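The following exercises concern strand pairing, sheet order, helix packing and backbone geometry. Each task is followed by a solution in steps.

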Amino acid sequence: LTSSLYRMSRVTVPMIGFISGATRERTGLFSQVLSKQFSVVDVNTTTVKSYVLDGLIYKDDRKTELTSDDITTLDTFVKNGKTLLVLADGVWVDDSLAVTASKSNINALLKKYTIELNKDLVVSNNSETASFRSGFMNYVVKYPYWIKAAVKDMPLIMPWSSSIKQNNTKDTSVLMSAPQGSGFVSGVQNVLPTNNVQLPRDQFTSPVLAVESTGNAGKLVVIGNSRLIEDDFNSRSISNIDFISKLMDGYLSKGILSNIKYRDTGFIQLPETTDSVKQTVRYVNIIAPGLLFALFGFYLSTQRKKV
């Protein structure tokens, strides 16, 4: 309701172009939520010049290689003082879990702004449980490539993320890092749930997942994840879409709607704890109910003896 009133009260509503290529059908919920705040149009690097856009979202479709003309178009958009959000992968993982190095060529753009998307995958002990099917077998496992993150109490799921390198920290700032107990692996060829990935503690680095350029007329925001806004990774308990919506609101509407929740997120991310604390809590949950029941039984038996 508030979003609708906000749109009605504005003389002009900010317009956002959305480049999603072959993954457009996977982002219906995202487009629906974003349209509550902005005018959203589907574009490509050719038709983007046909609109007077305030912002542009480029989503890696894990198939398309950007040409030099595409890079020039995106670069010019930022240099003209506009906001460009890039959702891209350093490593492409398809629906069959086949892994290939990204061929998007997005780094040709990012390096102009001292940012580089690494060809790696971030893994974390703080990960989501995933269900996979292989042949006749179903797997429900804690999957280290699906990272649990949080930004301003918004719980996020980051599937198959790549880390981001800042070549000049003076012109860039970190928007989001992986949680404690996270690291990255390069040269990944197998992301099947049966392939257990465990990093030594000395390789936990909390890799950077999102970066903003700060030394330009416009804004370039880079998130090392193209699936963040896809329907499969958004539900009542995940704030991925809300995070992106509020991010764009901050740049295009000066944060007027940034404190409004568009959907109930369902839960708040729990603070991270060590493995020893988790083990202690687990044993307490197992032992405490039985112990309390035994004490209650002992109390009842003593009371009967008194009678």
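Two strands are taken to pair if DSSP finds at least two bridges between them. The model is a predicted one.

**Exercise 1.** Determine which residues stand opposite Phe-18 in strand 2 and in strand 3.

*Solution.*
Step 1. Strand 1, residues 15-19, and strand 2, residues 39-42, are joined in the parallel sense by 4 bridges. The criterion of at least two bridges is met by these 4 bridges.
Step 2. Within this pairing, Asp-42 of strand 2 is the residue opposite Phe-18.
Step 3. The connection from strand 1 to strand 2 passes through helix 2 (residues 28-34), and this β-α-β crossover is right-handed.
Step 4. Strand 1 also runs parallel to strand 3 (residues 55-59), again with 4 bridges. Here Phe-18 has Ile-57 as its bridge partner.
Step 5. As for burial, 4 of the 5 residues of strand 1 are buried, and the strand is mostly covered.

**Exercise 2.** State the strand order of the open sheet of 7 strands and identify the edge strands.

*Solution.*
Step 1. The order reads 2-1-3-4-16-15-13, and the pairing is mixed.
Step 2. Strand 2 and strand 13 (172-177) each pair on one side only, and they are the edge strands.
Step 3. On average, neighbouring strands of this sheet are turned by 20° against each other, direction ignored.
Step 4. One of the internal pairings can be examined directly: strand 3 and strand 4 (residues 83-87) run parallel and share 5 bridges. In this pairing Gly-55 is matched with Thr-83 of strand 4.

**Exercise 3.** Establish at what angle helix 3 and helix 5 run to strand 4.

*Solution.*
Step 1. Helix 3 (residues 68-79) lies across strands 1, 3, 4 and 16, and its angle to strand 4 is about 135°.
Step 2. Helix 5 (residues 240-252) lies across several strands, among them strand 13 and strand 15 (208-213), and runs at about 160° to strand 4.

**Exercise 4.** Locate Leu-97 and Thr-114, and decide whether Leu-97 is buried or exposed.

*Solution.*
Step 1. Leu-97, although not a glycine, has a positive phi of about 70°. Its position is in the loop between strand 5 (91-93) and strand 6 (99-101).
Step 2. The cut-off for a buried residue is under 20% relative accessible area. Leu-97 has a relative accessibility of 12% and therefore counts as buried.
Step 3. Thr-114 is likewise not a glycine and has a positive phi, of about 60°. Thr-114 is found in the loop between helix 4 (107-110) and strand 7 (115-117).

Methods
Residues are numbered from 1 along each chain as its sequence is written. This is a predicted model: local features need pLDDT of at least 70, side-chain atom pairs count only at pLDDT 80 or more; totals for chains, interfaces and linings use all residues. Side-chain values use heavy atoms; hydrogens and water are left out. Buried means under 20% relative accessible area, exposed over 50%, partly exposed in between (1.4 Å probe, protein chains only). Helices (H or I, at least four residues) and strands (E, at least two) are DSSP runs, numbered from the N terminus. A crossover is right-handed if, with the strands pointing away from the viewer, the path from the first strand over the helix to the second runs clockwise. Axes are lines fitted to C-alpha atoms, for helices over the stretch in contact, and angles run from 0 to 180 degrees between N-to-C directions. Contact means heavy atoms within 4.5 Å.
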